[in-house]
Amino acid sequence: MSSVSEWYMGKNVLITGATGFMGKVLVEKLLRSCPGVKALYLLVRPKAGQSMQERVHDMLKCKLFDRVREDNPDFHQKIIPISSELMQSGLALSPADVEKLSSCINIVFHCAATVRFDEPLKHALQLNVIATQQILALAQRMQHLYAFIHISTAYANCNRRHIDEVIYPPPVEPKKLIDSLEWMDDAIVRDITPRLIGDRPNTYTYTKALAEYVVQQESGRLNIGIIRPSIVGASWQEPFPGWIDNFNGPSGVFIAAGKGILRTMRASNDAVADLIPVDMVINLTLAAGWYTAVHRPKSALVYNCTTGGINPFHWGEIEHHVMSTFKRNPLEQAFRRPNANITSNYLINQYWILVSHKFPALIYDLFLRLSGQKPQMMRIFTRLHKAIALLEYFSSQDWEWNSDNMNMLMNQLSAEDRRTFNFDVHQLNWPEYIENYCIGTKKYVLNEDMSDIPAARQHLRKLRNIRYTFNTLLLVFIWRVFIARSQMARNIWYFVVSLCFKFLSYFRASSTLTN
C-alpha cells in the first residue's frame, strides 16, 4: 500500500485558513511529515496593517515550526501566499492567481471559518457558507484536483443526540436563506436570528450545518471528504506536547482558572468533555486527503473526529487535573490561588459568581481607583462570564458520535503511516494530556518561562497568607459586631464550638480503641 507521505510527494496543496490554529498545524505537519510535497498555496488576506506576506512570514517564525526549521532551513520556499478575501466576490482573487491555481492544485484543504459562537448571522453565513461555495466553484475549475477536504465540526448537528457519519438535511435551503437576508437590515437579521437557528445554540453550528450541505451538493463532481472534530485542544505529541496559541474554548477557561479568576463554572461533572488534540485532527485530515484521492469514494465520506465514545473523559475529571497542574506549575502573578469548582445547579452557580467573582472584583476595582489606577477586574469578569455562557451548552450534556469511517481509515493505513499520522484516540492518556495542555497555555499563550515557577509558587504562598489574614479579620469583625453584642448569639456560638470539640474527642477515642 502506498504510504500517505509518498502520495503527497510532488503535489501542490491549497489551504484556506492557514494562519488559524488548525491551519498552522496542518502546514507544519505537511512540511515535516511529507517533505516531498511540492508547494503549499495559502489563501491569506491582509490584516491589521500587515500584508499577506508579512502575516505568513510572522507565522513561519513561531516556535511551532522549529522542528521543520531544523530539518530544512529553506522550507519557507515551498510556501506561496495568495492574496484573497473570503468576504468578497470571487474571493478577491486576481485572474492570474485563478489561472495558476486552476492549472496546478492537486488537493484542497478548506479550513477557513469563523469560530466565534456569537458571530452575527450575516457574517457567519458569509464566512462559513458563501465562502465555501466560492472555494468549491474554484475547485471545479482545477484541472488536476484529486480531493477536496472540508473541515466542519462535530457540533454541526448538535440538535441531535446521536450523530452518524452522514450529512443531515439542512435546517433551511442555503440559497433561499442567503437571498432572503441579502436585503435585510442588520437589526432585523439580529431580531430574527433566534427563530432561524431554532434548536441550535449559536450561528456557528447553524452555518456549519449549512456548509456541509453545500459541500455535499458538489460530491458528484468532486472527490470530497468532511472532517468533523469536536472541541479542538492543544497538541498531544506533535510537533511537541501542549502546543496552543489562542484563548479560544477550553484554553481561556484553563488560564482563567489557573490565574484564580475563574472560581465557578456551570457544567455537569459527569458530562463527557469531548476534547480532541489538534495534531490528531490534522493527522486524520491528511490521511483522509490521501484516502479520498486514491480510492475516490462514490459519495462524500464524513469522519466524526471525537473521543467521547472511544476514550471518554469528564468535565469533573478535567477540573481536578487542571487545578492540580496549576498548583504544581502556577501561572505568574495569579489574582488568587487556583480553586475552581464545577456545578450543574443554576442557583448555586449564581451564588458563587456573586461571592467569588463579582464581590472580589468590586473590591479590587475600588482599590485600583483609590490608588489612581484604571479599574479593570469587573470588565474582565464580565467578558469571562460571557465566554463561559457560550460554552455551557457543550459542557452540560452528552452526545453519541458514530466513528465507523474514522476506524475504517485507521485500518486502511500501513503500520508506518499509523505511527506517522496517528489519530488513535485509544492511546490518549488524559491526565498527562491535560497537564501538558495547561503547561502549554503557560508557555505558548502567556509566554511565561518555566524557570520562574519557584517565584510563582512564592506568590501563591503570599496569596494564601493574605487569604488567611483576611478570613481571620473577617471572623473577628463578625464576632465583635454580631456575636459579642448578643447573649443568644454567644450561646449558639459556644454550643457549636463545644459540639465540635465533643465530636473530635469521640473521633479520637474511637481511633484509639480501633488501634
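Biologist: In the protein chain, what share of contacts between residues at least 6 apart in sequence join residues at least 24 apart?

Modeller: This is a predicted model, so the answer describes a prediction. Contacts in the protein chain were taken between residues at least 6 apart in sequence. Of these, the share that joins residues at least 24 apart is 83%.

Biologist: How many of the residues, as a percentage, count as buried?

Modeller: A residue is called buried when its relative accessible area is under 20%. The protein chain has 515 residues. The part of them that counts as buried is 51%.

Biologist: What part of the exposed area do carbon and sulfur atoms supply?

Modeller: The C-alpha atoms of the protein chain fill a box of roughly 90 × 55 × 45 Å along the principal axes. The chain exposes about 25100 Å². Carbon and sulfur atoms supply, of that area, 55%.

Biologist: How many helices and how many strands are there in the protein chain?

Modeller: Both kinds of element occur in the chain. The count is 19 helices and 13 strands.

Biologist: How far apart do the C-alpha centres of domain 1 and domain 2 lie?

Modeller: The domain assignment builds domain 1 from 3–241 + 282–311 + 400–413. Domain 2 is given as 453–514. Between their C-alpha centres the distance is 57 Å.

Biologist: How far apart are the end C-alpha atoms of residues 15–284?

Modeller: An unreviewed UniProt entry annotates residues 15–284 as "domain: Thioester reductase (TE)". In the model this span is 41% helix and 14% strand. Its end C-alpha atoms are separated by 16 Å.

Biologist: What percentage of residues 357–448 is helix?

Modeller: UniProt, again in an unreviewed entry, lists residues 357–448 as "domain: Fatty acyl-CoA reductase C-terminal". The end C-alpha atoms of this span are 25 Å apart. Strand accounts for 2% of the span, and helix for 70%.

Biologist: Is E218 buried or exposed?

Modeller: E218 sits in the loop between α9 (203–216) and β7 (224–229). The relative accessible area of E218 is 15%. The cut-off for a buried residue is under 20%. Because 15% falls under that cut-off, E218 is buried.

Biologist: With which side chain does the side chain of E218 make a polar contact?

Modeller: Leaving out residues up to four places away in sequence, E218 touches L136, Q140 and I224. The polar contact made by the E218 side chain has a distance of 2.5 Å. The partner is the side chain of Q140.

Biologist: Which residues does T307 touch, not counting residues up to four places away in sequence?

Modeller: T307 is in the loop between β11 (301–305) and α12. With a relative accessible area of 0%, T307 is buried. The residues touched by T307 are A273, D274, L275, I276, P312, V425, L428 and W430.

Biologist: In which helix do D66 and R69 both lie?

Modeller: D66 and R69 form a salt bridge, with the closest N and O atoms 2.7 Å apart. D66 is partly exposed at 26% relative accessible area, and R69 is partly exposed at 28%. The two residues are three apart, about one turn of the helix. That helix, residues 66–71, is α4.

Biologist: Which residue forms a salt bridge with K175?

Modeller: K175 is exposed, with a relative accessible area of 52%. Its partner lies four residues away in helix α7 (residues 174–182), about one turn of the helix. The closest N and O atoms of the pair are 3.0 Å apart. The partner, partly exposed at 37%, is D179.

Biologist: How many residues apart are R328 and E435?

Modeller: The side chains of R328 and E435 meet in a salt bridge of 3.3 Å, N to O. This pair links distant parts of the chain, with R328 in helix α12 (residues 315–328) and E435 in helix α17 (residues 430–445). R328 is partly exposed at 38%, and E435 is partly exposed at 28%. In sequence, the separation of the pair is 107 residues.

Biologist: Which residues are linked in a network of salt bridges?

Modeller: A search of the whole structure finds 18 salt bridges. A network of salt bridges links E28, K29, R32 and E238.

Technical notes
Residues numbered from 1 in each chain as written. Predicted model: local features only at pLDDT ≥ 70, side-chain atom pairs only at ≥ 80, totals over all residues. Heavy atoms only, no water. UniProt positions renumbered as here; feature names shortened; annotations may be inferred. Buried < 20%, exposed > 50% of the residue type's maximum accessible area, 1.4 Å probe, protein only. Contact = heavy atoms within 4.5 Å. Polar contact = N/O pair within 3.5 Å; in protein donor to acceptor, adjacent residues only side chain to side chain. Salt bridge = Lys/Arg side-chain N within 4 Å of Asp/Glu carboxyl O. Domains from an automatic or database assignment. Areas by Shrake-Rupley, 256 points an atom, 1.4 Å probe, with all protein chains shown as cover.
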